[in-house]
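Here is a friendly tour of a binding site and its surroundings. Have the viewer open as you read.

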Amino acid sequence: AHILHVDMDAFFASVELLDRPDLRHRPVIVGRREPRAVVTTANYSARQYGVHSAMPVATALRLCPTAVVIPPRHHLYRQYSQRVMDLLRSYTPRIEPVSVDEAWMDVSGSHRLFGGTGRIAAEIRRRMRDDVALTCSIGAAPPKFGAKLASGRAKPDGLLIVNAGEGAGFLAPLPVGALAGVGEHTRAALHRLGIETVGQLREISPARLQRSLGAAQAAVLVERASGRQQAEVAAARVERSIGKETAVPVDETDPERLRAVLVGLADRSAAALRAADLLTRTVVLKLRDGAFRTITRSVTLPAPTATTQELIDAAQDLLTRSGWDRPTRLIGVRFASLVPTASGLARDPIWGAASQWRAVDAVADRI
Ligand code: TTP
Ligand code: MG
């Protein structure tokens, strides 16, 4: 299972409790104390009384008169949501946030850096507790919606991993509507065939299913019902390189001015690299002359970095060593072989110039 579904536990209430540790063991409702207000969420202790999201606050207080009602502070939840998503993004760029407190992740490309799915999930839960001070629940399963069902089953503060072999058993009792691609229309058609659950869908003869739904859809549904199908996490595109280039208006013949343009490009690209939480290992220089002849030169760095000064030095070195002396039409710099900052592959800058440059970058980025 490479797909994780991460969902924070009683999110708004848990954030509020960070400021009110005295209430930790009491029932807590987040909602306004107004006549028509509804519960946005309640902690698990209030849920034991039957309180749930979207219920009128008045009803909730009848069920649980001792509950403390806290008005929502949405700016705070947005901040914590950002921290949660940043933490998740440090394990893979393939993440699809579903709501403020919930995301799908495809960790199939993260195993070499962070270990198996179970290890990654456990690590996320530990860091969520240690660094953000909140708990979450994580489900892992081969199909995407299976992961969401698993995280729901694991709640609160739990982890449930459904392996490929067990996927089929896990899905069998679920209603067919739980399968991706089964809407009202398909459900009605399946219903007419006497099919209510995923398990029943698996047992029907393929010929009957095809007559009712057509060969294409029947095949897709059988595949999904089997639990083998791998849904795609609609992640942001994975960046393969980050860089900038600029066309020089009048063909540039002054080597010093060319060098100054290059420094500016490297500086801005390095900032973009840090903003994306990435390090680079390869610097590529591109030069084009007035006759559209283009050359590229690249260098592999001793260790991944996002430090402006190191990247400017590498780019300038490439320019010097290229021996370029033609009037320049275009110049560009590009950073490739990217790795997440959180991979821990950067050299440790405990002392020396590297740590000072990193401090300079941090200040520059803030400005
Ligand atoms: P959920 O993840 O659905 O709920 P939760 O995090 O409070 O509890 P759990 O996941 O442990 O079951 O929603 C996330 C937040 O979204 C929730 O804390 C408050 C907000 N929310 C509303 O404002 N209105 C709603 O109807 C729901 C369901 C959630
Ligand atoms: Mg939640």
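Which side chain does a polar contact of 3.3 Å join to that of Glu102? The partner is Ser99. Please keep in mind that this is a predicted model.

**Around Glu102**

Let us stay with this residue for a moment. Glu102 sits in strand E6 and is buried, its relative accessible area being 8%. That label follows because buried stands for a relative accessible area under 20%. Besides the contact with Ser99, the side chain of Glu102 is joined to the side chain of Lys148 by a polar contact of 2.6 Å.

**The magnesium ion**

Next in sequence to look at is the metal site. The magnesium ion (ligand 2) is coordinated by Asp7 (OD), Met8 (O) and Asp101 (OD), with distances of 2.0 to 2.3 Å. Counting every donor atom, there are 6, and the angles among them run from 81 to 176 degrees, which makes the site octahedral. Along the sequence, the donor residues follow the spacing D-M-x92-D. Met8 belongs to strand E1, while Asp101 is in the loop between strand E5 (95–99) and strand E6 (102–106), so this pair ties together parts that are 93 residues apart in sequence. Both Met8 and Asp101 are buried.

**The shell around ligand 1**

Asp101 turns up again here: around ligand 1 there are 13 residues, and those that come nearest are Ala10, Thr41, Tyr44, Arg47 and Asp101. Sorted by class, this shell holds 5 nonpolar, 3 polar and 5 charged residues. For anyone setting up a closer look at the ligand, these pairs each involve an oxygen atom of ligand 1:

| Protein partner | Atom on the protein side | Distance to an oxygen atom of ligand 1 |
|---|---|---|
| Ala10 | polar backbone atom | 2.8 Å |
| Arg47 | N or O atom in the side chain | 2.8 Å |
| Lys155 | N or O atom in the side chain | 3.0 Å |

How much of the area that ligand 1 exposes when taken alone does the protein bury? Taken alone, ligand 1 exposes 550 Å², and the protein buries 69% of that. The elements giving two or more residues to the shell are strand E1 (3–8), helix H1 (11–19) and helix H2 (44–47).

**Backbone details**

Two of the residues in the table also bring up a point about the backbone. Ala10, whose backbone meets an oxygen atom of ligand 1 at 2.8 Å, is found in the loop between E1 and H1. Its phi is near 40 degrees, a positive value in a residue other than glycine. With a relative accessibility of 6%, Ala10 counts as buried.

Lys155, whose side chain has an N or O atom 3.0 Å from an oxygen atom of ligand 1, leads into a cis peptide bond: the one from Lys155 to Pro156 has an omega near -10 degrees. Pro156 is in the loop between helix H7 (144–154) and strand E8 (159–161).

Where does Ser337, another residue with a positive phi, lie? Ser337 is in the loop between strand E12 (328–336) and strand E13 (339–340). Its phi is about 50 degrees, although Ser337 is not a glycine. Is Ser337 buried or partly exposed? With a relative accessible area of 42%, Ser337 is partly exposed, whereas Ala10 is buried.

Terms used. Residues are numbered from 1 along each chain as its sequence is written. Chains are lettered from A and ligands numbered from 1 in the order in which they are written. This is a predicted model: local features need pLDDT of at least 70, side-chain atom pairs count only at pLDDT 80 or more; totals for chains, interfaces and linings use all residues. Side-chain values use heavy atoms; hydrogens and water are left out. A residue is near a molecule or strand if one of its heavy atoms lies within 4 Å of it. A polar contact is a pair of N or O atoms within 3.5 Å; within protein, one must be able to donate a hydrogen and the other to accept it, and residues adjacent in sequence count only if both atoms are side-chain atoms. Accessible areas come from the Shrake-Rupley method with a 1.4 Å probe; for residues, only the protein chains shown count as cover. Helices (H or I, at least four residues) and strands (E, at least two) are DSSP runs, numbered from the N terminus. Ala, Val, Leu, Ile, Met, Phe, Trp, Tyr, Cys and Pro count as nonpolar, Asp, Glu, Lys and Arg as charged, and the others, Gly among them, as polar. Donors are N, O and S atoms within 2.8 Å of the metal (3.2 Å for Na, K and Ca); water is not among the atoms, so sites may look incomplete. Four donors count as tetrahedral if all angles lie between 85 and 135 degrees; four count as square planar and six as octahedral if opposite donors are over 155 degrees apart and all others between 65 and 115; anything else is irregular. Buried means under 20% relative accessible area, exposed over 50%, partly exposed in between (1.4 Å probe, protein chains only).
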